[in-house]
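Colleague: Hi! Could you walk me through this one before I head back to the bench?
Modeller: Sure, let's pull it up and take your questions as they come.

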Amino acid sequence: MKKLYWLLTVAVIAACSPAEKRFDLPAELEPSALKFSVTQQQGHDNTVYLKSLTPGTIPYWDFDGGTSTLANDTIVLPFSGSYIIKYSVSAPGGFVAGDSVTIKVTSTDLSSITDPQWEYLTGGQNGKTWVLDMSAPVGWYGMDYGKGSGDDWVWHPDYVGNEWVMPNKDYGSMTFDLNNAKNYQRILYDASNVAQTCTGKFDLDLVNMKVKLLGCEMLYGGDYYKNVSNWREAKILAMSASSMVLGVIRDKPNPGDGVCYIGFKFKLKQ
């Protein structure tokens, strides 16, 4: 009887042992395998054509004022000057940093930035400087805000009676201008009220209504930095010539909270 019990035990263990499986990761692409082309429109070299020629990969273009993951994309560079366009890819074996090319745009052509949103944000060459509007500095917006369905909601309280949202102080400023480039500067006062100045570039994505910041993050107030992974891309929740609400995604909410936009309201600096 003992022998039979031992044989059954061995049989059960053998039946439950997981089969060994091996998975081989795809080989990493060599940078030399990356192929792409960058060409400019004849007679209007502000228009630039990007073409990825590396099969089975997702391209990542990085150029002045923006990025793209499209295999074929057309960008417009309104200002004259030299530009570096970098090409990389996401491949099955991992991300591969590729090469870059330098192109030259011979003249400034502002015809591509005539939408009123550009004027609202920047005021043109002279620029605009924005500060937090402490009458209602912060609110919360559903991820489908403005769509009329789904997660479409907003709670943007007045500061009076809701001082808990953040201390009433000067948090700094953001300046946007179109003085021969899409220029951006942020001044942020740290916890010791020391001004930290950062200078970068920006771009407007009018299809998705976003402000993309290059080199510097968005101005904010209060204790919200830890709740957001990306402070360089802001959803335009509202914008006029003198007021705007820019939203960042609260993708790291506190326990009990959900994902939504944190919308910061700005006004022109007097």
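Colleague: How many residue pairs are in polar contact between domain 1 and domain 2, counting pairs with both at pLDDT 80 or more?
Modeller: The count there is 0. Keep in mind that this is a predicted model.

Colleague: And how many salt bridges does the rule find across that interface?
Modeller: Also a plain number: 0 salt bridges between domain 1 and domain 2.

Colleague: OK, what do the two domains bury between them?
Modeller: About 630 Å², with 54% of that on carbon and sulfur atoms. On the side of domain 1 that touches domain 2, the residues split into 3 nonpolar, 3 polar and 1 charged.

Colleague: Let me back up a bit. Where do the domains lie in the chain?
Modeller: Domain 1 covers 32–105, and domain 2 covers 116–268. Domain 1 gives 7 residues to the contact and domain 2 gives 8. Taken over C-alpha atoms, their centres are 29 Å apart.

Colleague: Changing topic: which strand does strand 15 form a hairpin with?
Modeller: That's strand 16, with 3 residues between the two. Strand 16 spans residues 243–250, and 4 bridges join it to strand 15 in an antiparallel arrangement.

Colleague: Which residue stands opposite Met244 of strand 16?
Modeller: Met239 does, so to speak, face to face with another Met.

Colleague: How does strand 14 pair with strand 15, parallel or antiparallel?
Modeller: Antiparallel, over 3 bridges, with strand 14 at residues 210–214 and strand 15 at residues 233–239. Lys210 has Lys235 of strand 15 as its bridge partner.

Definitions and conventions:
Residues are numbered from 1 along each chain as its sequence is written. This is a predicted model: local features need pLDDT of at least 70, side-chain atom pairs count only at pLDDT 80 or more; totals for chains, interfaces and linings use all residues. Side-chain values use heavy atoms; hydrogens and water are left out. Two strands pair if DSSP finds at least two bridges between them. Helices (H or I, at least four residues) and strands (E, at least two) are DSSP runs, numbered from the N terminus. Domain bounds come from an automatic or database domain assignment. Contact means heavy atoms within 4.5 Å. Buried area is the accessible area (1.4 Å probe) that two parts lose on being put together, summed over both. A salt bridge is a side-chain nitrogen of Lys or Arg within 4 Å of a carboxyl oxygen of Asp or Glu. A polar contact is a pair of N or O atoms within 3.5 Å; within protein, one must be able to donate a hydrogen and the other to accept it, and residues adjacent in sequence count only if both atoms are side-chain atoms. Ala, Val, Leu, Ile, Met, Phe, Trp, Tyr, Cys and Pro count as nonpolar, Asp, Glu, Lys and Arg as charged, and the others, Gly among them, as polar.
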